[in-house]
Amino acid sequence: MVGRVGNGLTARSQLTEETIRSWFHEIRSYIDSKDLSNIFDDSRRIYNADETAFFLAPKGIKCLMRKGDKTAYNFISNNDKECLTCLITANVAGTILPPMVMFSYERIPSQIASLMPKSCHLTMELSEFCVNNQIELVALYPNVTHILQPLDVAVFHPLKSGWKKGMQSYKMENDGAKIKKENFSPLLATVLDQSIKSETIREDFKICGLCPLDENAIPYKKHFKSEHNKDKETKAIGKDKIQLFKLENGDSWQGDINDTSLFHLWKKVHNEINLHKVDNLLDSLSEP
């Protein structure tokens, strides 16, 4: 026996098409029980929210270097690894709400608060607002944001690319100065306007099956390839069938016609193995 480190199975690896379809059925039942089906008639009434982090010194910004050099270095400090987490919210109509930015302060400094969008919520006001205004909060199935989360599926990637470009432009316009927290929100607002298209958001809701609510909109074959290819799985050839192949003289198969292709494949591999053995034997005999 040998000691080995076990390979962990992530929660995502346990997902199946059946579990996602079951989630859709539960949501449909909940909507019907609350008589909320009419909300799908107005694209401005359905929202998706997700959080993401923006590094104040993002990696991957291109730079000029001498031809032939293989590596470019970017010297950073601990402060350059700092990031701010934002809650991005968008509706089916393709409108992005002012983001909620989470600062690590007990009290937001006035120079930062003055540059934040006026409609942005920085406290528990958001939750209280939903309760008081009869807004239904529906949690997506866990560990499946890469399938059901519109913002995660196709919005965050161009947004992060736009953030890198925005940071690069900011440094060029400010003599390489590091961005300050009070300048974070204005830059983020500019990046959101330039990076995200309303058409992309609207299409994401359809692809994720959220609006219209359609479990069949999910490309299951793309996400669960092994589950959809079970009929194509390779099976080992049984010992009894191999014995029948060995008893067959020549290169033609006289047995079950369904095994013809399998016999020719086995015969080809068998001949190549025997040829390899002969070559090894000749090599050993030729050695002094």
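Q: Buried means under 20% relative accessible area. Why does D259 count as buried?
A: In this predicted model, D259 has a relative accessibility of 13%. The limit for buried is under 20%, so D259 counts as buried.

Q: What makes D259 and K241 a salt bridge?
A: The closest N and O atoms of D259 and K241 are 3.2 Å apart. A salt bridge asks for a Lys or Arg side-chain nitrogen within 4 Å of a carboxyl oxygen of Asp or Glu, so the pair qualifies. D259 sits in the loop between α10 (239-247) and α11 (260-286), whereas K241 belongs to helix α10, so the bridge ties together parts 18 residues apart in sequence.

Q: Why is K241 called partly exposed?
A: Its relative accessibility is 29%. Partly exposed covers the range between the 20% and 50% limits, so K241 is placed there.

Q: How do you know that E199 and R202 form a salt bridge?
A: Their closest N and O atoms are 3.8 Å apart, and the cut-off is within 4 Å. E199 and R202 are three residues apart in helix α7, which means a separation of about one helical turn. R202, at 34% relative accessibility, counts as partly exposed.

Q: What separates E17 and R21 in helix α1?
A: About one helical turn, because E17 and R21 are four residues apart in that helix. Their side chains meet in a salt bridge with an N to O distance of 2.9 Å. E17 counts as buried at 13% relative accessibility. The structure holds six salt bridges.

Q: Why is L148 called buried?
A: Its relative accessible area is 0%. Since buried means under 20%, L148 meets the condition. L148 lies in helix α4 (residues 145-148).

Q: What is L148 in contact with, leaving aside its neighbours within four places in sequence?
A: L148 is in contact with I20, W23, F24, L140, Y141, C208, L210 and I218. Contact requires heavy atoms within 4.5 Å. The C-alpha atoms of L148 and G209 are 7.3 Å apart, although 61 residues separate the two in sequence.

Q: Which residues touch the most other members of the largest nonpolar core?
A: I20, L148, W163 and F184 do, in a core of 44 residues. The elements that each give two or more residues to this core are α1 (17-33), β2, α4, α5 (150-173), α6 and α7. Seven residues, the largest share, come from α5.

Q: How do you know that β1 pairs with β2?
A: Nine bridges join β1 to β2 (residues 83-91). Pairing needs at least two bridges, so the condition is met. Among the bridge partners, F54 is matched with L84 of β2, and E51 is matched with L87 of β2.

Q: What makes β1 and β3 the edge strands?
A: The sheet is open, with three antiparallel strands in the order β1-β2-β3. β1 (47-55) and β3 (100-102) each pair on one side only.

Q: Which residues form the covered face of β1, and which the uncovered one?
A: N48, D50, T52 and F54 make up the covered face, while Y47, A49, E51, A53 and F55 make up the uncovered one. In a regular strand, side chains alternate between the two faces of the sheet.

Q: What lies across β1, β2 and β3?
A: Helix α6 (residues 184-195) does, running at about 40° to β2. Helix α7 (residues 198-207) lies across β1 and β2, at about 75° to β2.

Notes: Residues numbered from 1 in each chain as written. Predicted model: local features only at pLDDT ≥ 70, side-chain atom pairs only at ≥ 80, totals over all residues. Heavy atoms only, no water. Axes fitted to C-alpha atoms, helices over the stretch in contact; angles between N-to-C directions. Buried < 20%, exposed > 50% of the residue type's maximum accessible area, 1.4 Å probe, protein only. Core = buried A, V, L, I, M, F, W, Y, C linked by side-chain atoms within 4.5 Å.
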